[in-house]
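Hi,

Here is the structure I said I would pass on. Have a look at it first, and then read my notes below.

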Amino acid sequence: MAISDSLAKSIVQNLKEEFGSSAFHDVIISVNNSEFKGHKFILSANSKYFKNIFTSERDRTSSAPIVLKNITPETFRLVLDCIYGGKDVLTAANLAEIWHAAVYLEIDFLYQACELYQTSRLTKENCVEMTNQATTFKSKKLKEAAWNMIVKEFKDISRREDFVLLESEDLLQIINSEDLATDSEDYVVNAILKWVQHSPETSDRKVYDDSELDYKIREKEWQKENCNSSLKKRKNDLVDMLKASRLCLASGRCLKSLLDIKVVAENKKCLSVMREALQYHLQPYKCGYHCPPQAIHRASSKLQNVFIAFNPGFYLSCRTLDGAWYQLGVPTHAPASATSYRQNIYSVGYQNQQRNMYDNSCTTTLYKYCTAKGQWKSLPGFANIHTYAIITLDCYLYAVSNTVYRLNLENSEDWETVGNLLISVNQVTLTTCGSCIVIFGFDVNNRQNKVQIFDTLTLTFAVYTEPDQMTTSFSKPFHTFNGSYILLPSGEVLELTTSDKDKVHFENKGKLIDRPLGICAAVTVKDHLLIAVSNIDPQMTRKWETQLLDGVKTVEIIERQCTFLLNAAVPKSLLLTKVT
């Protein structure tokens, strides 16, 4: 049965009058030499602290007043007004003291009232203070609301003077948020540096402790004890902050200025994080093969990280990181080989989409797809060449048939011839290792597998002379941040490393997949390896963890017939047509 408002008000009024008269009190509470008369039944019904005292052995053997040492008389009077009279006692001025009392006395309804009051007052101007207060009073509700405010208004809030007062755990959580709204990752990096270089003063932050000491005295002691070590801790936290950021998406100018800052330059772990971001900028040809965690766009970005693939139906599609497929359009060619550089994907294809690799009447053409605009453009190709494969290394686009050509993608429109293969091959597969291009193919004379290595620095060729251990056209290359690998149809993985003898050494790392598969393509993002295959046994595990390879922790198999898979970031406006 519901209680009417008038009845509830009458009950509260009667309790208030009884508290005022204290005629039937049965307990005395002493607060800084001020005594308050109360009633065990009412106090225990509202405070777990008092309930524990009244049900303890102490209460049965002692009639002495209950002494509270860490609450002021003024605050306790307001608490009693709230308990006995239902009075709304909260103001911005007394909120901290009353919230502290609510925590200490374990008064749940008053704690929740304080939480709601502060949440309703949340603004851009006070959200840093509110975040720290939420930490002090362990308020999940206020902490979440304050975090959401900072994440939404990060650009403005990070420019405020009090931004540097955030606790490291809170700032790390905010920076790591997928929902962090920022036009540029430069703002995030600058905010991190601003925070880490701040040396907190003793007056920076208020802390309320529920020990036996008066909270104001405890506040000063805590600040004095921790201030000297705070700056050192912030410097140590810098590594985690940079890892949580999208450092690869910061501008080159921002990264350069970051290296000039002493606190970064003197930290070896910071330099290791910086190395990956700098490599992402300085080696744009690797971006399609591997996408590091710091290159994943936030939810607020206009760009979406995807894997781009050519499908047998001769349309370009992409897969988002959560597994959704979208169609990006239909090219004018049937792709045979592809690679990427910065925002562009380069593809060699047959103008006659009824491709036949053994039909010399089919001629290939070079195309460029701009991922930022979703547009195709044809580029100059080579006369009288029917089949060639392409790959990027450093700033060059290499085209390999029996002759190797290259095009400087930064400052030239003219192809140059750089050498001829030592053995004529077809059905060519390419990968890179260091400064070398590794060329797999079938000898045109005897159809045997051949591996040739082209050193792009010396422009020299070598033939790999170790015993044959791989199938060329059905083996698929993939890369991690520091590694080059070949995935064989048998499920084994070969790691490619540079050596003096044959320029490249192959090491069998073991079985990554427990059964032979028709592998179409493989690509890595963060520490995740995605493998597209032509067909999958329905009983086969699709995703698992591995420790076989450095830089790869999880492997995922998808059933997708495609010519290649490349990492890219495309405008979300292009992701309109879903496909299966």
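**What I found**

I'll start with a helix pair: from α14, the residues G252, L255, L258 and L259 meet L271, M274, A277, L278 and H281 of α16. Sorted by class, that contact holds 7 nonpolar residues and 2 polar ones, with no charged residues. Before you go further, keep in mind that this is a predicted model.

As for the geometry of that pair, α14 covers residues 252–259 and α16 covers residues 268–282, and they pack at an angle of about 150° with their axes 11 Å apart. Angles over 145 degrees count as roughly antiparallel, so that is the label for α14 and α16. Their crossing is left-handed.

**The chain overall**

The protein chain has 580 residues, and 51% of them count as buried. You'll find 16 helices and 29 strands in it. If you take the contacts between residues at least 6 apart in sequence, 56% of them join residues at least 24 apart. The exposed surface of the chain comes to about 28500 Å², with carbon and sulfur atoms supplying 48% of it.

**Helices α6 to α9**

Helix α6 runs over residues 95–104, and 9 of its 10 residues are buried, so the rest of the structure largely encloses it. The buried ones are L95, A96, E97, I98, W99, H100, A101, A102 and Y104. After α6 comes E106, which has a positive phi, near 55°. That one may be worth a click if you like looking at backbone torsions.

Helix α9 (residues 140–152) turns up in two packings. With α7 (residues 108–120), the angle is about 10° and the axes are 9 Å apart. Angles under 35 degrees count as roughly parallel, and α7 and α9 are therefore roughly parallel to each other. On the α7 side the contact uses E115, L116, Q118 and T119, which meet K140, K141, L142 and A145 in α9. The class split for α7 with α9 is 3 nonpolar, 2 polar and 3 charged residues.

The other packing is with α8 (residues 127–136), where the axes of α8 and α9 come within 8 Å and cross at roughly 150°. That makes α8 and α9 roughly antiparallel. The crossing of α8 with α9 is left-handed. In α8, the residues C127, M130, T131, Q133, A134 and T135 meet L142, K143, A146, W147, M149 and I150 in α9. Here the contact divides into 8 nonpolar, 3 polar and 1 charged residue. Note that L142 is listed in the contact with α7 and also in the one with α8.

**Three residues to click on**

Is R298 buried or exposed? With a relative accessible area of 4%, R298 is buried. Look for it in the loop between β4 (290–291) and β5 (303–310). Leaving out neighbours within four places in sequence, R298 is in contact with I175, N176, S177, E178, L180, T182, E185, V188, A244, S245, R246 and K572. One of these partners, S245, is 53 residues from R298 in sequence, with 9.9 Å between the C-alpha atoms.

Then there's K476, in strand β20 (residues 476–479). Its relative accessibility is 18%, so K476 counts as buried, the cut-off for that being under 20%. Beyond residues up to four places away in sequence, K476 touches Y485, I486 and L487, and also I519, C520 and A521.

Finally, I28 sits in strand β1 (residues 27–31). Unlike a buried residue, which needs to be under 20%, I28 has a relative accessible area of 26% and is therefore partly exposed. Its contacts, again not counting residues up to four places away in sequence, are E35, F36, K37, P65 and I66. C-alpha to C-alpha, I28 and S63 are 8.8 Å apart in space, and they are 35 residues apart in sequence.

Over to you, and shout if anything is unclear.

Cheers

Key: Residues numbered from 1 in each chain as written. Predicted model: local features only at pLDDT ≥ 70, side-chain atom pairs only at ≥ 80, totals over all residues. Heavy atoms only, no water. Axes fitted to C-alpha atoms, helices over the stretch in contact; angles between N-to-C directions. Helix = DSSP H or I, 4+ residues; strand = E, 2+ residues; numbered from the N terminus. Parallel < 35°, antiparallel > 145°, perpendicular 65-115°, else oblique. Left-handed = near helix turned anticlockwise from the far one by under 90°. Contact = heavy atoms within 4.5 Å. Nonpolar A, V, L, I, M, F, W, Y, C, P; charged D, E, K, R; others polar. Buried < 20%, exposed > 50% of the residue type's maximum accessible area, 1.4 Å probe, protein only. Areas by Shrake-Rupley, 256 points an atom, 1.4 Å probe, with all protein chains shown as cover.
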